[in-house]
Amino acid sequence: MSDKNEGYKVISDNRQARYLYEILETYEAGIQLAGTEVKSIRAGKVNLQDGYALIRNGEAWLINVHISPYSSSGQYFNHEPRRTRKLLLHRLELRKLIGKVEQQGLTLVPLKMYLKRGWVKVSIGLCKGKKIHDKREDLKRRQDQRDIQRAMKNY
């Protein structure tokens with residue numbers, strides 16, 4: 001029981017988003033799911049790679065996130081793998097996101113999907129796309145940090 005109270009288990013991580021985008025802010029959102037989707041998520045069958053979030057009519061929607069069909073149930077009761085799912089955010093967070101996405105041209109990208117106290121949560125990043133030279137700078141910086149750590153270890 002204590003495991004459920006303090007549980008924080010990462011199901012899926014979108015590492016490519018950190019490479020392609022500069023993350024300005026992160027938000028934690030609940031997600032509206034069907035029963036077979038929850039079972040499939042608990043089994044770890046989620047892919048956030050091509051996913052993104054949109055704001056339509058004052059509501060946030062998670063689009064193009066692939067949750068594999070649950071294998072132990074029949075085809076009739078299963079869900080559509082890439083269906084649009086509603087994100088559950090506070091009204092003030094939604095207002096803030098609407099302003100930044102529409103005025104500044106930023107993008108909402110799912111960064112992580114995890115279980116928190118038994119509930120499925122999605123970490124959403126307010127992102128700005130990186131240019132090619134920014135990506136190269138990050139790679140150089142990361143390589144330099146590795147070289148420094150290697151030199152400090154041997155010294």
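Me: Buried means under 20% relative accessible area and exposed means over 50%, with partly exposed in between. Why does Tyr8 count as partly exposed in this predicted model?

Reply: The relative accessibility of Tyr8 is 49%, and because this value is neither under 20% nor over 50%, Tyr8 counts as partly exposed.

Me: Tyr8 belongs to an aromatic pair with Tyr114. What makes these two rings a pair, and why is the pair called tilted?

Reply: The centres of the two rings are 4.8 Å apart, and because rings pair when their centres lie within 6.5 Å, Tyr8 and Tyr114 qualify. The angle between their planes is 45°, and since planes under 30 degrees apart would count as stacked and planes over 60 as edge-to-face, the pair is called tilted. Tyr8 sits in strand S1 and Tyr114 in strand S8, 106 residues apart, so the pair links distant parts of the chain.

Me: Is Tyr114 buried or exposed, and how do you know?

Reply: Tyr114 has a relative accessibility of 4%, and because buried means under 20%, Tyr114 counts as buried.

Me: Why is the contact between Glu25 and Lys100 called a salt bridge?

Reply: The closest N and O atoms of Glu25 and Lys100 are 2.3 Å apart, and because a salt bridge asks for a Lys or Arg side-chain nitrogen within 4 Å of a carboxyl oxygen of Asp or Glu, this pair qualifies. Glu25 lies in strand S2 and Lys100 in helix H4, so the salt bridge ties together parts that are 75 residues apart in sequence. By this rule, the count for the structure comes to nine salt bridges.

Me: Arg83 forms a salt bridge with Glu37, with 2.9 Å between the closest N and O atoms. What parts of the chain does this pair tie together?

Reply: Arg83 lies in the loop between strands S6 and S7, while Glu37 lies in helix H3, so the pair ties together parts that are 46 residues apart in sequence. Glu37 and Arg83 are also linked with Arg85 in a network of salt bridges.

Me: Why is Glu37 called buried, while Arg83 is called partly exposed?

Reply: Glu37 is at 0%, and because this is under 20%, Glu37 counts as buried. Arg83 is at 28%, which falls in between 20% and 50%, so Arg83 counts as partly exposed.

Me: How do you know that Asp138 is buried?

Reply: Its relative accessible area is 17%, and because that is under 20%, Asp138 is buried. Asp138 meets Arg141 in a salt bridge at 2.9 Å, N to O, and both lie in helix H5, three residues apart, about one turn of the helix.

Methods: Residues are numbered from 1 along each chain as its sequence is written. This is a predicted model: local features need pLDDT of at least 70, side-chain atom pairs count only at pLDDT 80 or more; totals for chains, interfaces and linings use all residues. Side-chain values use heavy atoms; hydrogens and water are left out. Helices (H or I, at least four residues) and strands (E, at least two) are DSSP runs, numbered from the N terminus. Buried means under 20% relative accessible area, exposed over 50%, partly exposed in between (1.4 Å probe, protein chains only). Rings of Phe, Tyr and Trp (its six-membered ring) pair if their centres lie within 6.5 Å; planes under 30 degrees apart count as stacked, over 60 as edge-to-face and the rest as tilted.
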